[in-house]
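Visitor: Please take me through one part of this model in detail, namely the nonpolar interior and what lies around it.

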Amino acid sequence: MDKKEIEQKISEGWILTRIIIEVAGKPKKHVEDTIKDYVSKIETEKAIILKKEINKAKKQKEEGIYATFAELEILFKNLNELVYFCFDYMPASVEVYSPSELVYKARDVSAFINDLQAK
C-alpha cells in the first residue's frame, strides 16, 4: 500500500499504529516459531499490516530463556478494532501515529464501553 492509499484510509477514519509484540520462553527455536505464528495469525485479522519486522531471539540473563519481538505497522478500521486487537494479542506497546486526534460522539463511546464491559 503506498503513501497516498494510507492517507486515504486515514481520511476515512482508519487508525495508523506501531505495535510491538513480545514473546519469551525456551528453547530458542520455539520462541522464534511462536512469534512467526503469532504474526501470521495477526495477518488474518481485519487490520492491514503495512510493515513487519521480526527479530531473532536473544538469550536473556535468566537461565535458558530467550526473548524476541516483532515490530508492526498496522492500519485499524476504527478504535474498536484497535482495542479488541489489544485485548486479543496483548501487545507490549501501542503507538498511534495517525490521526493526531480522535473525536467520537458520546453515544458511540457509550456503546463501545458497554461492548467492552460485556467482554
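Guide: A salt bridge here is a side-chain nitrogen of Lys or Arg within 4 Å of a carboxyl oxygen of Asp or Glu, and buried means under 20% relative accessible area. In this predicted model, E32 is buried but forms no salt bridge, since the nearest side chain of opposite charge, that of K28, is 4.4 Å away. E32 belongs to helix 2, which runs over residues 28-43, and, leaving aside residues up to four places away in sequence, E32 is in contact with K56 and A57.

Helix 2 also leads to the interior that you asked about. The largest nonpolar core comprises 18 residues, and those with the most contacts inside it are I19, I21, I42, L72, I74, F76 and F85. Two or more residues of this core come from each of strand 1 (15-25), helix 2, strand 4 (66-76) and helix 3 (79-89), with strand 4 giving the most, five residues. To take one of these core residues, I21 touches I35, Y38, I42, T68, F69, A70, L72, F85, Y89 and P91, again not counting residues up to four places away in sequence. Separate from this set is a second core of five residues, among them I6, I10, L16 and L75.

Nonpolar side chains also appear at the surface, where L102, Y104, V109 and I113 make a patch of about 330 Å². Of these, L102 sits in the loop between strand 5 (93-98) and helix 4 (106-118), and L102 is partly exposed because its relative accessible area is 40%, a value between the limits of 20% for buried and 50% for exposed.

How values were computed
Residues are numbered from 1 along each chain as its sequence is written. This is a predicted model: local features need pLDDT of at least 70, side-chain atom pairs count only at pLDDT 80 or more; totals for chains, interfaces and linings use all residues. Side-chain values use heavy atoms; hydrogens and water are left out. Patches are made of residues with over 30% relative accessible area and no salt bridge: like charges are joined within 9 Å, nonpolar side chains (Val, Leu, Ile, Met, Phe, Trp, Tyr) within 5 Å. Accessible areas come from the Shrake-Rupley method with a 1.4 Å probe; for residues, only the protein chains shown count as cover. Helices (H or I, at least four residues) and strands (E, at least two) are DSSP runs, numbered from the N terminus. Buried means under 20% relative accessible area, exposed over 50%, partly exposed in between (1.4 Å probe, protein chains only). Lys and Arg count as positive and Asp and Glu as negative; His and the chain ends are not counted. Contact means heavy atoms within 4.5 Å. A nonpolar core is a set of buried Ala, Val, Leu, Ile, Met, Phe, Trp, Tyr and Cys residues joined through side-chain atoms within 4.5 Å.
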